[in-house]
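These are my notebook entries from a session with a single model, written down in the order in which I looked things up.

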Amino acid sequence: MMSMLKLGPLILVVNLFFSISAIAESKYAEKTKDIIRGELRKFIFSGSMEVLPNPLIVDANGNMVEIGYKEDILIINFWATWCAPCKKEMPSLNSLAQKMKHEDIRIITIASGRNSKEAIDAFFDDNNLINLKKYRDPRGRIAVKYGVTALPTTVVINPKGIEIGRIIGDIDWDTTDVRSFFRKLL
């Protein structure tokens, strides 16, 4: 049995880890606390300091590509062509991408699971979704690595590749509060 003396350093390390996680979470939460209302209340701040894996996904031309982290906020929307809430929110996400195109924010969509290129293209064409980058994760591997358990899920990642937080479910992305939220994250 471990003595209390041996447990001391372990307890200190665990407490330090949780303290750092809480500080990182509170940094973003503090910056945005005055605008977390309405649908933004669905935003779940992450306490993790773990760097997420770079998404290795299929682009619109069928090529495997790696989406790297840059000097911007990366917003990844996981969706599917068969998911009604996903399709409902997509036009407002497209509008957000248009209105924030000059900000340091990248918005991409990843169709997770079995979604044919033709169905994705048709949905994007039918809804004039010209401001969103479309990718596929045919086997759902990236979704699993990102802990996505429901669609739609939108993951917000800082320039270092650390998750700021996520929204599970659909929201109206085309609001002043949402744009203000992302500007404050910058």
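Entry one, the strand pair. I looked up how β4 (residues 73-79) is joined to β5 (residues 105-112), and found 7 bridges between the two strands, which run parallel. I note here that the model is a predicted one. As one point of reference within this pairing, I took isoleucine 76, whose bridge partner in β5 is isoleucine 108.

I then asked how many residues of β4 are buried. The count came to 7 of its 7 residues, and I have entered the strand as mostly covered. Going through the two faces separately, I found Ile73, Ile75, Asn77 and Trp79 buried on one side, and Leu74, Ile76 and Phe78 buried on the other, so that both faces of β4 are covered.

Entry two, the disulfide. I searched for disulfides and the structure holds 1, formed by cysteine 83 and cysteine 86, whose sulfur atoms are 2.3 Å apart. The angle about the S-S bond is 80°, and I recorded the link of cysteine 83 and cysteine 86 as right-handed. Are these two cysteines buried or exposed? Cysteine 83 counts as buried because its relative accessibility is 4%, and cysteine 86 counts as buried because its value is 0%; the cut-off I applied for buried is under 20%.

Entry three, methionine 100. I located this residue in the loop between α2 (84-99) and β5. Its relative accessibility is 2%, and therefore methionine 100 counts as buried. Leaving aside residues up to four places away in sequence, I listed what methionine 100 touches, and the list reads Ile105, Arg179, Phe182 and Arg183. For arginine 179 I also looked up the backbone separation: its C-alpha atom is 7.5 Å from that of methionine 100, although the two residues are 79 residues apart along the chain.

Entry four, aspartate 59. I found this residue in the loop between β2 (56-58) and β3 (64-66). Which side chain of opposite charge is nearest to aspartate 59? It is that of arginine 136, at 7.0 Å, and I recorded aspartate 59 as buried yet without a salt bridge. For comparison, the cut-off for a salt bridge is 4 Å.

I next looked for polar atoms around the side chain of aspartate 59, and noted that the backbone nitrogen of asparagine 61 lies 2.9 Å from one of its polar atoms. Finally, again without residues up to four places away in sequence, I entered Val65, Lys134 and Tyr135 as the residues that aspartate 59 touches.

Definitions and conventions. Residues numbered from 1 in each chain as written. Predicted model: local features only at pLDDT ≥ 70, side-chain atom pairs only at ≥ 80, totals over all residues. Heavy atoms only, no water. Buried < 20%, exposed > 50% of the residue type's maximum accessible area, 1.4 Å probe, protein only. Lys, Arg positive; Asp, Glu negative; His and termini not counted. Polar contact = N/O pair within 3.5 Å; in protein donor to acceptor, adjacent residues only side chain to side chain. Contact = heavy atoms within 4.5 Å. Disulfide = S-S within 2.5 Å. Pairing = 2+ DSSP bridges.
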